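Work through the exercises below with the model open. Each one gives a task and then a stepwise solution.

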Amino acid sequence: MDGSPVAGSLVDDESKVPPLLASLVPLEEGVPVEKEPDIIPVQPLITHTPSLQSLPSPSAWRTVCLLEVVSILWIPLCPWTRTHQVTSSGSGFVITGRRILTNAHLVANAIDIRVRPHGSAKRYLAKVTTYGPDVDLAVVEIEQSVAEDFWTNMADAPPIELSDSLPALQETVQALGFPAGGRTICVTEGVVSRVDSIELTPPADSTLVVQIDAAINPGNSGGPVFDARGRITGVAFCKDVRGSTDNIGYVIPAEVVKSFLSRCGGEDGYILSPSMPYRWHKLENQSLRRAHQVPDGVCGILVTSVAPAISSALHEGDVLTRIDGRPISDDGQIQLRGSELIQHRYLVRNKRIGEPTVFTVFRNKVEEDRPAVELRDLPPICPRWLDVDYLPEYLILGALALVPLAQNHLLWYKECPSELRATINRWNKRWPGERDGKDQLVLLVTVFAHELTFGYRRGWRIVETYNGTPITSLRHLRELWRATRDEVTKLRSSREGTEAPPMKSSGIFVRLGLQSDEDIVLDAAAAMDAEKGVLKTHAIERPSFIRGDDDA
């Protein structure tokens, strides 16, 4: 389980990378680029740090566990297959309900998980029961066959209480885990440097974080960070490894952890955290304020687009002045505590299930409270996480491979053209219900080498139409293709037993209309005949797979 540290990774393997900070997104050459910060300088809120005697004693360390994970990843370009096994390790800790909390990126696509508590030489088989990539948290439970042995062994290690408040700036913290450099537990100490809301690399959204200067390294992922009162203040998940920075580690605070746990265990499984249901613009520019007739005494942000789900509360052109009674500044920040500020997204993203939200707006020269609404996840048309909001679906049509366009395709920098990136960004701005009846965008991802497709080199193109019919999803495309196959089969059956010469062509064609490119035209009968050989050559078990279709 040796691994090289990568930007943002706390997993002891370079292939299991958590969401990176938006300011550290690497360019194609792998050079991090820092975004210009949008933060108002303020005086830090400094409170008294309790006696260090309250920091966790070695008895609390028993709740910390080493997680050894074996995973296999789906390949977005070839969704009918997976990668070789990848081995990695990280940390976790015991919480109430006989559960272990860790990072989602550590256990993503896991096929085998072994848990070894601190102080024990035995490793126990475990499984993922809740996976929350939106906040990079997951719950692991010990397999039933060894659960009693595990929990008997852990009888002297009751779960540690989660903190009920954010830590103070300069408060002493300890990070515990099993990072690279050894096989035993590692304890590092530092202070809280900052509390902020950061934007994660898409498809993840912004999240509240605590920045600490305690050393955290690959393998610390999922480990607890204790505050000065001996309570868990958060979960280690990311670090800044740019050469221009020092001692910058990020922690998912207990407040986010509690919200995550409240969304676990429902009848429908884990519920993703709420999306931002509107887009907005700062109201710092005086010309913009005058254009929207915003008086000098009104502070807030300009709402530029609203999801239909909350149209009863917000309208395009509103000036959003408060959320749940908390004032919003012209640059979108709210008061966190004392003189500390934070982006108002924090109020929306951390809402709990069923918790109402009241927006206050300045509309028609009057400030008013709008009816309360409940916020929820608003999935984009390009799905985000495999095995969460989509499966690795595909369709083989003759010698063409087609898949739903997903945000994972953005990770393939060399193959994914800039025009396709722009398409994803453009369509992701459309709210549910405003997508022209489309459920998916269909991507022609591979043109297999074959006589059928000779002369066509147009992979990585959006397929918009099938014989002139707009395509609404991959399932819809498969239905159209199957109807064409039935038509060819019927024609062939009608010629059996006759003296008609063999057909050079069935006269039935498939025309795929591509976005910003020439159409691809295939003889339907030739495509049917080519399909079997293509499947055999590329070791593809079945011609298609779509969610819910076991007979596909």
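**Exercise 1. Find the residue in E5 that stands opposite Phe93.**

Solution. Phe93 faces Leu101 of E5 across the strand pair. Strand E4 covers residues 86-95 and strand E5 residues 99-102. The two pair in the antiparallel sense over 3 bridges. Strands count as paired if DSSP finds at least two bridges between them. Strands (E, at least two residues) and helices (H or I, at least four) are DSSP runs, numbered from the N terminus.

Before going on, note the ground rules. This is a predicted model, where local features need pLDDT of at least 70 and side-chain atom pairs pLDDT 80 or more, while totals for chains, interfaces and linings use all residues. Residues are numbered from 1 along each chain as its sequence is written, and side-chain values use heavy atoms, with hydrogens and water left out.

**Exercise 2. Trace the closed barrel and find the helix that packs on the sheet.**

Solution. Start at E1 and follow the order E1-E4-E5-E8-E7-E6. That closes a barrel of 6 strands with antiparallel pairing. From one strand to the next, the twist averages 40 degrees. Angles run from 0 to 180 degrees between N-to-C directions, with axes fitted to C-alpha atoms, for helices over the stretch in contact. Now add helix H4 (residues 254-262), which packs on the sheet. H4 touches E4, E5, strand E7 (124-132) and strand E8 (137-142). Contact means heavy atoms within 4.5 Å. The direction of H4 makes about 60 degrees with that of E8.

**Exercise 3. Count the aromatic pairs and describe two of them.**

Solution. Rings of Phe, Tyr and Trp (its six-membered ring) pair if their centres lie within 6.5 Å; planes under 30 degrees apart are stacked, over 60 edge-to-face, the rest tilted. The count comes to 6 aromatic pairs. Phe150 and Trp151 are edge-to-face, at 4.8 Å centre to centre with 90 degrees between the planes. Both of these residues are buried (under 20% relative accessible area; exposed is over 50%, partly exposed in between; 1.4 Å probe, protein chains only). Tyr278 and Phe359 are also edge-to-face, at 5.9 Å and 90 degrees. Tyr278 sits in strand E15 (residues 278-281) and Phe359 in strand E22 (residues 359-363), 81 residues apart. Tyr278 and Phe359 are both buried.

**Exercise 4. Place Leu200 and decide whether Leu200 is buried or exposed.**

Solution. Leu200 lies in the loop between strand E10 (186-199) and strand E11 (206-212). Leu200 counts as buried because its relative accessibility is 5%. Its C-alpha atom is 9.5 Å from that of Asp134, 66 residues apart along the chain.
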